[in-house]
Amino acid sequence: GEERLALFTDTELFGALRQRRQVKRRPARQLVLSELSPGDYVIHVDHGIGRFVGTTTMQMAGAQREYLVLEYAQGDKLYVPTDHMDRLGPYYALGGQPPALSRLGGGEWARAKEKATEAAAKVARELVEVYAARELLPGIAFSTDSAWQKELEASFPFVETPDQLRAVQEVKADMESTKPMDRLVCGDVGYGKTEVALRAAFKAVSDGYQVAVLVPTTVLAQQHHETFRERLAPFPVNVEVLSRFRSPREQGEVVAELAAGTADIAIGTHRLLQKDVSFKKLGLVIVDEEHRFGVLHKERLKQMRREVDVLSMSATPIPRTLYMSLVSVRDMSTMETPPEERLPIKTYVSPYK
């Protein structure tokens, strides 16, 4: 509606980014002196990444003050008054690798901040454009359930939970609407999210469209491939898998089938997002455990065809996804009822090896 569209197109979304030079930057989380140990890396909002050496006291303007001593590139030292600790934030190393220390007095850190700000603004702008287009462009209105659809669902070897049935109906209603679907199915492991996705995929294929199922790992891709092939074996549906487990020749054959439209469902990892992969008639994208993918990975699929239906599944959705669901940018189905005789999940913490 108009209110939701206003959310997408409101220029104030980027007001702070355009005014970034006037905004007084603060770290995401202020450091506490008791948390620091010599050798820890910290980020000064104006000077960049430094190494905490220790504390010292100095006489300044007739008063004794305590300072944090930070070491920067080329052995330079920065003395930060303890009452200015709001200018410091913790540094979280990617992969545990030590970072390169920033240089004091140069423009390197300022350029790094500017580059990061511009990259964030670009991603945000693309997201706004995609969701605004999805509101305005007509989507695919899939047909109501066919006889084959009812036959497939009747062959499910378990008793559906009430939440599972409700999620299936909500997904179907979205698919039959002219508005492009963008729904999150949220439920714990073993609550039946895969069956919801499988029924949605079969509904799309029954109308002559292709389905892309994006999963985070090659093992999960193989598991889904086996499940989909087993459940859809009685029907003329070609299910393929695209991952590093397939040889280059096999991958080339799958890519050719997708472009020709002879492959109906493609289950794959990030390999599905590479430039050589194209679909002849993509109608539905299913993203499993979306928190394992970056924003650009997921939006790349949406941009392939902006009117495509998107179904996301996760036991642990990321905050951005939850926020978009709570403000009605995306729809959400929750599955809170465990199937009968479902065993509890056992989690073990063990030393890395």
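Of the 353 residues of the protein, 42% count as buried, where buried stands for under 20% relative accessible area, exposed for over 50% and partly exposed for values in between (1.4 Å probe, protein chains only). The model is a predicted one, in which local features need pLDDT of at least 70 and side-chain atom pairs count only at pLDDT 80 or more, while totals for chains, interfaces and linings use all residues. Residues are numbered from 1 along each chain as its sequence is written, and side-chain values use heavy atoms, with hydrogens and water left out. The accessible surface comes to about 19400 Å², of which 54% belongs to carbon and sulfur atoms; areas were obtained by the Shrake-Rupley method with a 1.4 Å probe, and for residues only the protein chains shown count as cover.

The protein has 10 helices and 12 strands, taken as DSSP runs (H or I of at least four residues for helices, E of at least two for strands) and numbered from the N terminus. Among contacts (heavy atoms within 4.5 Å) between residues at least 6 apart in sequence, 72% join residues at least 24 apart.

One open sheet holds 5 strands in the order β4-β3-β2-β1-β5, with antiparallel pairing; two strands pair if DSSP finds at least two bridges between them. Because β4 (77-81) and β5 (88-90) stand at the edges with a single partner strand each, one side of each has no neighbour in the sheet. From one strand to the next, the twist averages 45 degrees, with axes as lines fitted to C-alpha atoms and angles running from 0 to 180 degrees between N-to-C directions. Strand β1 (residues 41-44) pairs with β5 in the antiparallel sense over 3 bridges, and here isoleucine 43 stands opposite glycine 89.

Parallel pairing appears around β9 (265-268), which is joined over 4 bridges to β7 and over 4 bridges to β8. Glycine 268 in β9 stands opposite leucine 214 and also opposite leucine 242. Ile265 and Ile267 point one way from β9, Ala266 and Gly268 point the other way, and all are buried.

The largest nonpolar core, a set of buried Ala, Val, Leu, Ile, Met, Phe, Trp, Tyr and Cys residues joined through side-chain atoms within 4.5 Å, has 37 residues, of which Val211, Leu232, Ile265, Leu284, Ile286 and Leu311 touch the most other members. Elements giving two or more residues to this core include α5, α6, β7 (210-214) and β10 (282-288), and α6 provides the largest share, 8 residues. Apart from this core lies another, of 18 residues, among them Leu242, Val255, Leu282 and Val287. Leaving aside neighbours within four places in sequence, leucine 284 is in contact with residues including Met175, Met181, Ala200, Val211, Val308 and Leu311.

Turning to helix α4 (residues 147-154), Gln149, Leu152 and Glu153 are buried. These buried residues fall within an arc of 95 degrees seen down the axis, so they line one face of the helix; the arc is that of the directions from the helix axis to the C-beta atoms. On the other side of α4, Ala147, Lys150 and Ala154 are exposed. Cover for the buried residues of α4 includes α5 (162-176), α6 (193-206) and α7 (218-231).

In the loop between α3 (108-136) and α4 sits leucine 137, partly exposed with a relative accessible area of 38%. The C-alpha atoms of leucine 137 and proline 180 are separated by 8.2 Å, with these positions 43 residues apart along the chain counted as their spacing.
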